[in-house]
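Please keep the viewer open and follow the selections below in order. Each stop gives a selection and then describes what is found there.

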Amino acid sequence: MSTSLPGAQPTNPVFPFLRTDRMPHIWCPECGIGTTVNCFARALVESKLPLDKVAVVSGIGCTGRVAGYVKLDSFHTTHGRAIPFATGLKLANPDLTVVVYSGDGDLIAIGGNHFIHAARRNADLKVICVNNFIYGMTGGQVAPTTPVGALATTSPYGCYEHPFNLPYLAESSGAVYVARWTAFHVRHITRSMVKAFNKKGFAFIEIISPCPTLYLRRNRLGGGLEAMRFYKQKSVIKNGANTKDLELSFQGEIIVGEFVNTERPTLSQVMEAQLQQALGARYVRP
Amino acid sequence: MSETTSPAAPPAAARSRKRQGTVYIDWDRCKGCGFCVEFCPTKVLALSEEFNAHGYHPPYLLPDRTCTGCDLCGLYCPDFAIFGVMMPTETQPSEAEGSEG
Amino acid sequence: MKADPKTVLTGVHFLDGDHACCEGAIAAGANFAAGYPITPSTEIVERYASRAPKVGGIFLQMEDELASSIAILGAVWGGAKAFTVTSGPGFSLMMEHIGMAAMTETPCVFVDVQRGGPSTGLPTLPGQADVMQARWGSHGDYEIIALCPNSPQECFDLMIDAFNLAEQYRVPVMFLMDECVGHMTEKVVIPAAEAIEIYPRRYTTLPPAEYLPYRPGADGIPEMVKAGDGYRFHITSLTHDEKGYPAMNWQEQEKLVRRLVEKIRLQGERLERNEEHWLDDAEIVIVAYGISSRVALRALQMAREQGLKVGLLRPLVLWPFPEKTVRELARRVKAFVVVEMNYGQIVYEVERCAAGKTRTVLVGHGGGTVHDPHDILQAICEVAQ
């Protein structure tokens, strides 16, 4: 199995971004979260951001564990509250690039209120939402993104609630960058992340990802590899599509792409502009 | 992290004019998901018949294929257990050698 | 270090407690506040919204108290000095992040201007029924420090102490006002900035390679960092080891949580701060805090006029509870008369510390109004017999 090459053995290019002293991670075999972390590491390199100035904030859940594995200033906060924590962090320290990296349940269910307000305010946050349609960490309960008809432990007879259309929610709340990809679309994810990092304002990237242990197994959809093949086969890239048309159904077509990329002053910008206008010389910048 | 990697170099017979690469596999870290095998653009990987310490089948570099070192496998791997590298230029096959092969 | 003269409103003012509290925070150097409107606390953040942009601070009204209580934690980790403000129903919502602040040892101040409860209760009328909640409200084991002003002047002075204690002990500090103290207007003297001592944040001087976020110093408190300085640290609300990494086993739990508790609990009398009236020869001691202590003082006067040997113990630091003083008093007094605007909260602490050596009597009611001093006097007379 081994043949040596001249020179020292190279290191995995993702290792400088990982807390390798905490490996192996807790994610299941065939889970897609780790794949998104590779994209994240790649995007950090390509965006040339000074890594000391990148902070990652996550909530609770499988994706929430990302904060603990990246070798950056990182915060594993309470369930649903990564976004308001990140809002305070960014306002107090505007030099930081603040990335919120969390799951669909954390960001959109318990965190839903904070999500829409941060988007409304155009808080300068880069929100990466790994959507596996389920609450993974706690054993597979229904989520506000679970497609109609899918099984989950708390909808054992099939989910009957209509799920959120996340890009639509993000856009209508005011996000200035909205994209959706699947874990199959590794290069697109990376590119979107780079764009989000370089963009001012509330940037939102939804990444559909397999949860083989719970969502896939319970719904008899095979494993992670089958899901990735499904994403490749059933996804259609429609950049600029109307986010209203991006609803997902159980095992239906997945429209991916970049849907929103606009400009709008950020929370800090409007705050300072308004205060400057009202107070003139009396305004003391924070 | 254990560095029990097993790089596999392409055999002499498989040279081409393309840049060549190889992969490094953390044998015991792999959880056999198969993403790397599936999405390798030159189809140079396959899952081994052997088990690693955790009971998974890690991939191995097929002997009759040429890895380009694109590292798409590394980009996909959710366990950070494989990565591809371009071989250093000195070890790249020259035009003369290639035409003889 | 001293307060920043550019932010301190030095002078003699006529302010209500809410406004004085805000000035206290600003004088202490607070440059970030997040809050949500709730009577009777709203004036504090309204004033801060107005003052902050003139003193280099930031105020953000968040969408709810859940967001407010964690936004201040984020701000602290970004390097700000932060506080939030609420009343009963919002205090309940903030419990989760009081716990997170305790767990992550994030220095910050939570102001609760107490009102009648439970639930929506009496938004515009005083209560003192959140005192146990301030101590025990979040789940799990932790300790906090709670301060209790009884005048607008103290709302200013003790806010500075609150921030200093938060920084010294890396703990969330509860500032327990009540609607009466918050809405009463009195003379407030704000000193010169040089007269205000600020306890600086305990930032580490170690280089990143040597720093561990939760390695305690000799006093059980770890050194602090902030994001963006190259430390590449990790903070988690899970039980964690000295590196800050999740470590979910009973050994790390014992190590961490015991330290979180003991860093406050073992301080004992070092954290005690009481105001004493006529205790030297007292046979009966009134224990009261906040606005109730001022009414109790009136009852004390009336009792003394009747020849009864009564004294008053007023804790300014309510948590940790002044056990040593109460235990000592229990040995020599006939009874404690505990006066609070609730149906019994601090009375249980007094009783616990009295340990059966002396009687403990509650003069309590549901709030909505302050006590009638005659009711307190009557209780005093009953125990005097």
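Select strand E2 (residues 73–76) of chain A together with E10(C): in this predicted model, the two strands run parallel and are joined by three bridges. Within that pairing, display A:Phe75, whose bridge partner in E10(C) is C:Ile235.

Next, widen the selection to the contact between the two chains. Here 41 residues of chain C are in contact with 36 residues of chain A. On the chain C side, colour strand E2 (32–35), strand E3 (58–61), H3, helix H4 (88–104) and strand E10 (234–236), each of which supplies at least two residues of the side that touches chain A. Which element of chain C gives the most to this side? It is H3(C), with nine residues. By residue class, the side of chain C that touches chain A divides into 24 nonpolar, 12 polar and five charged residues.

Now move to helix H5 (residues 112–121) of chain A and show the side chains of A:His114, A:Phe115, A:Ala118, A:Ala119 and A:Arg121, which are buried. Turn the view to look down the axis of H5(A): the buried residues fall within an arc of 165°, and they therefore line one face of the helix.

To see what covers these buried residues, add elements from both chains. From chain A, the cover includes helix H3 (82–92), helix H4 (104–110), strand E4 (125–131), helix H6 (166–173) and helix H10 (267–279). From chain C, the cover of H5(A) includes helix H3 (65–77).

Finally, select A:Asn122, just after H5(A), where the backbone takes a positive phi of about 55°.

Conventions: Residues are numbered from 1 along each chain as its sequence is written. Chains are lettered from A and ligands numbered from 1 in the order in which they are written. This is a predicted model: local features need pLDDT of at least 70, side-chain atom pairs count only at pLDDT 80 or more; totals for chains, interfaces and linings use all residues. A residue is buried if 20 or more other C-beta atoms lie within 10 Å of its own, exposed if 12 or fewer, and partly exposed in between; C-beta atoms are placed from the backbone. Helices (H or I, at least four residues) and strands (E, at least two) are DSSP runs, numbered from the N terminus. The arc is that of the directions from the helix axis to the C-beta atoms. Two residues are in contact if their C-beta atoms, placed from the backbone, lie within 7 Å. Ala, Val, Leu, Ile, Met, Phe, Trp, Tyr, Cys and Pro count as nonpolar, Asp, Glu, Lys and Arg as charged, and the others, Gly among them, as polar. Two strands pair if DSSP finds at least two bridges between them.
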